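Q: Please take a close look at the charged and polar side-chain pairs of this model, and at how the parts that carry them are packed. I would like one connected account, with the distances and the degree of burial where they are available.

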Amino acid sequence: MSKKIYCIAMFKPKPGKLNELFKVLQALEPNTLREDGCLQYRVTRQIENPFAQGSGYPIAFQEIWADKASFEAHCQRKEITDFFQSQCVAESGLVEDSNVCVYSDEAEDFDAPVIGEV
């Protein structure tokens, strides 16, 4: 088990804005990948596949962070807060709706050893 944080950030673009929003989100990747604690940060778009016919928003970030502090620092970066303000909150933004969730790979009752203690 680990202290890693897994984030799925999904975006529903306004009608006709999918490709434009995808490019805006891709532009966030280079700086974010340079952040301490960022292990993976990739924007993806939903594609059709007969073995995966679930429903969801058509754009999703797949993120892995070393720990909670790294994820929370990322969320407070100006580039990220500006994106949410200009694209998700503002009426003129490209995003109709968004859903950001974080996950852990640790069971709630995992008896993780404390490193350095005997």
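A: A residue is called buried when its relative accessible area is under 20%, exposed when it is over 50%, and partly exposed in between. The model is a predicted one, and the values below are computed from it.

There are 8 salt bridges in the structure. One of them pairs Arg 77 with Glu 79, with 2.4 Å between the closest N and O atoms. Glu 79 has a relative accessibility of 26%, so it falls in the partly exposed class. This pair does not stand alone: through salt bridges with shared partners, Glu 35, Arg 77 and Glu 79 are joined into one network.

Glu 35 also leads to a polar contact. Its side chain lies 2.9 Å from that of His 74, and the two make a polar contact. His 74 sits in helix 3, which spans 68–75. Its relative accessibility is 3%, so His 74 counts as buried. Leaving out residues up to four places away in sequence, the residues touched by His 74 are Thr 32, Glu 35, Tyr 41, Glu 63, Trp 65 and Ile 80.

Helix 3 carries a salt bridge as well. Lys 68 and Glu 72 form it, their closest N and O atoms being 3.9 Å apart. Both belong to helix 3 and are 4 residues apart, so about one helical turn separates them. Lys 68 is exposed, at 52% relative accessibility, whereas Glu 72, at 37%, is partly exposed.

A further salt bridge joins Arg 42 and Glu 29, with the closest N and O atoms 3.4 Å apart. Arg 42 belongs to strand 2 and Glu 29 to helix 2, so this pair ties together parts that lie 13 residues apart in sequence. The two ends are classed as follows: Arg 42 is partly exposed at 45% relative accessibility, and Glu 29 is buried at 9%.

Ile 80, one of the residues touched by His 74, leads on to helix 4. Ile 80, Phe 83 and Gln 87 are the buried residues of this helix. Viewed along the axis of helix 4, they fall within an arc of 65 degrees, so they line one face. The face turned away from this buried side bears the exposed residues Lys 78 and Val 89. What do the buried residues of helix 4 pack against? Their partners are strand 1, helix 1, helix 2, strand 2, helix 3 and strand 4.

Phe 83 takes the account into the largest nonpolar core, which has 19 residues; Phe 83 is among those with the most contacts inside it, together with Phe 11, Leu 21, Leu 25, Tyr 41, Ile 59 and Phe 61. At least two core residues come from each of strand 1, helix 1, strand 2, strand 3 and helix 4. Strand 1 contributes the largest share, 4 residues. Leu 21 serves as an example of the contacts: apart from neighbours within four places in sequence, it meets Phe 11, Pro 13, Ile 59, Phe 83, Leu 94 and Val 95. Tyr 41, another residue of this core, is also touched by His 74.

Notes
Residues numbered from 1 in each chain as written. Predicted model: local features only at pLDDT ≥ 70, side-chain atom pairs only at ≥ 80, totals over all residues. Heavy atoms only, no water. Core = buried A, V, L, I, M, F, W, Y, C linked by side-chain atoms within 4.5 Å. Buried < 20%, exposed > 50% of the residue type's maximum accessible area, 1.4 Å probe, protein only. Contact = heavy atoms within 4.5 Å. Arc of directions from axis to C-beta. Polar contact = N/O pair within 3.5 Å; in protein donor to acceptor, adjacent residues only side chain to side chain. Salt bridge = Lys/Arg side-chain N within 4 Å of Asp/Glu carboxyl O.
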